[in-house]
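Visitor: I have a model to go through with you. Can we start once it is on screen?
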Amino acid sequence: MAFFRSVTALSRLRSRVGQQSNLSNSVRWLQMQSSADLDLHSQLKEMIPEQQERLKKVKSELGKAQLGNITVDMVIGGMRGMTGLLWETSLLDPDEGIRFRGLSIPECQKLLPAAKPDGEPLPEGLLWLLLTGKVGGGLRCDMISYYVYKAIDALPVTAHPMTQFASGVMALQVQSEFQEAYEKGIHKSKYWEPTYEDSLNLIARVPVVAAYVYQRIYKDGKIIPKDDSLDYGGNFSHMLGFDDPKMLELMRLYVTIHSDHEGGNVSAHTGHLVASALSDPYLSFAAALNGLAGPLHGLANQEVLLWIKSVVDECGENVTTEQLKDYVWKTLNSGKVVPGFGHGVLRKTDPRYTCQREFALKHLPDDPLFQLVSKLFEVVPPILTKLGKVKNPWPNVDAHSGVLLNHFGLAEARYYTVLFGVSRSLGICSQLIWDRALGLPLERPKSVTLDWIEKNCKKAA
């Protein structure tokens with residue numbers, strides 16, 4: 001890292017310094033800076049273990065100390081347990097799971113419009129519900145401009161799908177109606193109107209961007225045009241190159257159940273935070289995607305399928321319960337987690353897992369990987385419970401989605417988080433419209449240092 005800083009600084013100096021003697025002096029100065037960088041690294045390497053131990057001591061001795069209505073544990077523990085956001089579109093109950101505007105997933109499956117009788121709910125129906133609290137529908141995929149493709153094509157084809165997807169969303173930003181209206185002096189009471197236009201445009205365009213990323217990386221780069229006879233989820237599947245009616249149904253279900261999960265998760269909170277600075281929906285959603293790309297958030301669905309395939313590689317498809325137990329323990333003993341199990345809020349089986357399991361039982365009951373997932377449902381929770389460190393040993397949404405996608409041919413696990421991102425546009429953008437309509441302020445919590453905590457917090461009795 002010090003080398004690259006030195007090269008950058010040297011190139012700048014060359015543009016400023018014309019004489020060879022001065023340049024030689026500059027090179028010697030840069031060499032000194034490289035040594036200083038190494039010394040800085042050494043100092044940090046020495047300090048970090050000390051500060052890690054200090055943090056552990058603060059957690060142990062002062063974790064329960066009160067800071068107003070919250071505790072030190074909440075401040076240094078990722079704000080878990082704190083209620084600090086207004087999020088109208090959905091609410092997550094630890095035992096019951098997610099409700100979209102008061103409706104559970106089974107209720108949404110029953111009440112929202114579907115493409116066929118007894119079919120899965122249409123994402124556009126859920127969008128209407130998120131925005132209004134009422135049942136309705138009416139949204140289609142939209143076209144995107146040529147420069148969006150050019151922006152994506154500027155990246156190496158080997159770039160992670162989420163990198164290419166987020167770059168495409170950023171390229172869409174040049175069409176922001178909110179930015180244009182703000183620059184023209186729109187009154188703040190009307191901020192929600194161009195935000196609404198941007199949000200619906202973004203939601204309509206991201207499947208096109210996402211489909212192109214898939215075609216560019218994994219296929220021949222061909223752009224498959226949208227089919228105006230199809231709905232939002234069906235069209236997304238079609239543009240990806242999958243036209244099996246069951247896959248269209250799966251994509252409708254997938255987008256619907258991944259759309260929103262209240263406001264405290266990384267992607268939703270990031271979108272809300274960035275938008276609170278009056279960044280337009282494109283900038284805000286692109287930021288949210290970068291949070292979604294993290295291994296502890298949206299990237300987890302990729303990790304699940306890869307882990308399941310590693311089980312098959314080592315034990316075979318007809319793995320016994322005992323073999324599976326051994327492999328789970330092997331994973332845990334290596335310092336890793338079993339992907340797809342546990343959740344930061346939920347304390348029961350994720351209802352998003354349950355509805356995907358029901359889909360599998362209906363459409364692919366004999367799929368070997370689905371049968372393996374079913375065995376994991378029986379094997380993993382008791383083992384995690386036995387560890388005594390896990391608050392929720394039950395499967396989450398990621399435990400199932402990859403197996404379903406893989407069954408219908410979408411087997412490229414690195415791409416799965418992009419599907420999650422397309423889905424999450426519905427929830428984040430719906431709430432963003434209401435953020436502007438309600439005039440919610442800039443988010444700016446107070447932060448403190450370890451010194452401050454140690455000086456101001458009394459040890460808990």
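Guide: We can take the nonpolar cores and then a strand pair, keeping in mind that this is a predicted model.

Visitor: Which residues in the largest nonpolar core touch the most other members?
Guide: Phe165, Leu240, Leu410, Tyr415 and Leu419 do, in a core of 104 residues.

Visitor: Where does the largest share of this core come from?
Guide: Helix α9, residues 192-218, supplies 13 residues, the largest share.

Visitor: And what does Leu240 touch?
Guide: Leaving aside residues up to four places away in sequence, Leu240 touches Ala210, Ala211, Tyr214, Gln215, Ile224 and Met251. Leu410, Tyr415 and Leu419 are also among its contacts.

Visitor: What lies apart from the largest core?
Guide: Another core, of seven residues, including Leu62, Ala65, Ile453 and Cys457.

Visitor: Change of topic. How many bridges join β3 to β4?
Guide: Four, and the two strands run antiparallel. Strand β4 covers residues 97-100. With three residues between them, β3 and β4 form a hairpin.

Visitor: Which residues of β4 are the bridge partners of Ser90 and Leu91?
Guide: Ser90 is partnered with Phe100, and Leu91 with Arg99.

Visitor: Which face of β3 is Leu91 on, covered or uncovered?
Guide: Leu91 is on the uncovered face, along with Asp93. Ser90 and Leu92 make up the covered face of β3, which spans residues 90-93.

Notes:
Residues numbered from 1 in each chain as written. Predicted model: local features only at pLDDT ≥ 70, side-chain atom pairs only at ≥ 80, totals over all residues. Heavy atoms only, no water. Buried < 20%, exposed > 50% of the residue type's maximum accessible area, 1.4 Å probe, protein only. Pairing = 2+ DSSP bridges. Core = buried A, V, L, I, M, F, W, Y, C linked by side-chain atoms within 4.5 Å. Contact = heavy atoms within 4.5 Å.
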